[in-house]
Amino acid sequence: SYSDVYAFLFFLAAALATLTKGPIGIGLPGLILLIFLLWTRNFSVLRKMRIFWGSLVYLAIVLAWFVPAIRQEGWEYAYLITIKQNLGRVYDSFSHARPWYFYLHTLPWMTLPWFPFFVSAIIHARRTPKASHERDACKFLWIWWSTTFVFFSLISGKLEIYLLPLLPPTAIL
């Protein structure tokens, strides 16, 4: 079924994102999904996601790289890439430290040509569609956008490229 394919693609994408960018690859999409489920109180999505099998796919892909990397480079390497490179940028960045409001003045320029339309979407957000699936889609997009923006604004290390996950919901909204 389509839901099985989408669930598989979610876990596959999260695993590839984790290999590319670290734990944020599963952490940010997971946080967005969790907030959406809590907001809508529609937990039936979890059954469709095949969490157990999806987690196995995710772990198989991530561990297929991580285990050999640790065996070759040792636990110091594991500490470097998981703690220093990832958590270090969140709490007390050793590079690219910027104030919390950094993205407020860079986001409009980053999201051109969509930004004027995005402002319009904010103004007209109260006029949500009537059908429940359309309302849920709009809620999901707003949660995706706001969670991503707040998360990256709160971490100490900031680069414009970190906001790339904002581009799809900005364009769609």
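These legends go with close-up views of a predicted model.

**View 1. Helices α1 and α4 side by side.** Here we look at α1, which covers residues 2–21, and α4, which covers residues 51–73. Their axes sit 9 Å apart and make an angle of about 25°. Angles under 35 degrees count as roughly parallel, so α1 and α4 get that label. The crossing of this pair is right-handed. On the α1 side, the residues that do the touching include Phe8, Phe11, Leu12 and Leu19. They and their α1 partners meet a set in α4 that includes Ile51, Val57, Tyr58 and Trp65. Sort the residues of this contact by class and you get 13 nonpolar, three polar and no charged.

**View 2. The largest nonpolar core.** In soluble globular proteins, nonpolar side chains tend to be buried together. In this model, the largest nonpolar core has 23 residues. Which residues have the most contacts inside it? They are Tyr103 and Phe152. Two or more residues come from each of α1, α2 (24–40), α4, α6 (102–110) and α8 (132–154). Helix α2 gives the largest share, with five residues.

**View 3. Zooming in on Phe152.** Leave out residues up to four places away in sequence, and Phe152 still touches Ile24, Leu28, Tyr103, Lys158, Tyr162, Leu163 and Pro165.

**View 4. Where α6 meets α8.** This pair packs at an angle of about 130°, and the axes are 10 Å apart. That makes α6 and α8 oblique to each other, and α6 passes α8 in a right-handed crossing. From α6 come Tyr103, Leu104 and Leu107, while α8 brings Trp145, Phe149, Phe152 and Ser153. The contact counts six nonpolar residues, one polar and no charged.

**View 5. A cis bond before Pro113.** Follow the chain from Leu112 to Pro113 and you cross a cis peptide bond, with omega about 10°. Pro113 is in the loop between α6 and α7 (115–123).

**View 6. Two arginines with positive phi.** Neither Arg41 nor Arg50 is a glycine, yet both show a positive phi. For Arg41 the value is near 55°, and for Arg50 it is about 55°. Arg41 is in the loop between α2 and α3 (44–49), whereas Arg50 is in the loop between α3 and α4. Are they buried or exposed? Arg41 has a relative accessible area of 68%, so it is exposed. Arg50 comes in at 40% relative accessibility, so it counts as partly exposed.

Definitions and conventions: Residues numbered from 1 in each chain as written. Predicted model: local features only at pLDDT ≥ 70, side-chain atom pairs only at ≥ 80, totals over all residues. Heavy atoms only, no water. Axes fitted to C-alpha atoms, helices over the stretch in contact; angles between N-to-C directions. Helix = DSSP H or I, 4+ residues; strand = E, 2+ residues; numbered from the N terminus. Parallel < 35°, antiparallel > 145°, perpendicular 65-115°, else oblique. Left-handed = near helix turned anticlockwise from the far one by under 90°. Contact = heavy atoms within 4.5 Å. Nonpolar A, V, L, I, M, F, W, Y, C, P; charged D, E, K, R; others polar. Core = buried A, V, L, I, M, F, W, Y, C linked by side-chain atoms within 4.5 Å. Buried < 20%, exposed > 50% of the residue type's maximum accessible area, 1.4 Å probe, protein only.
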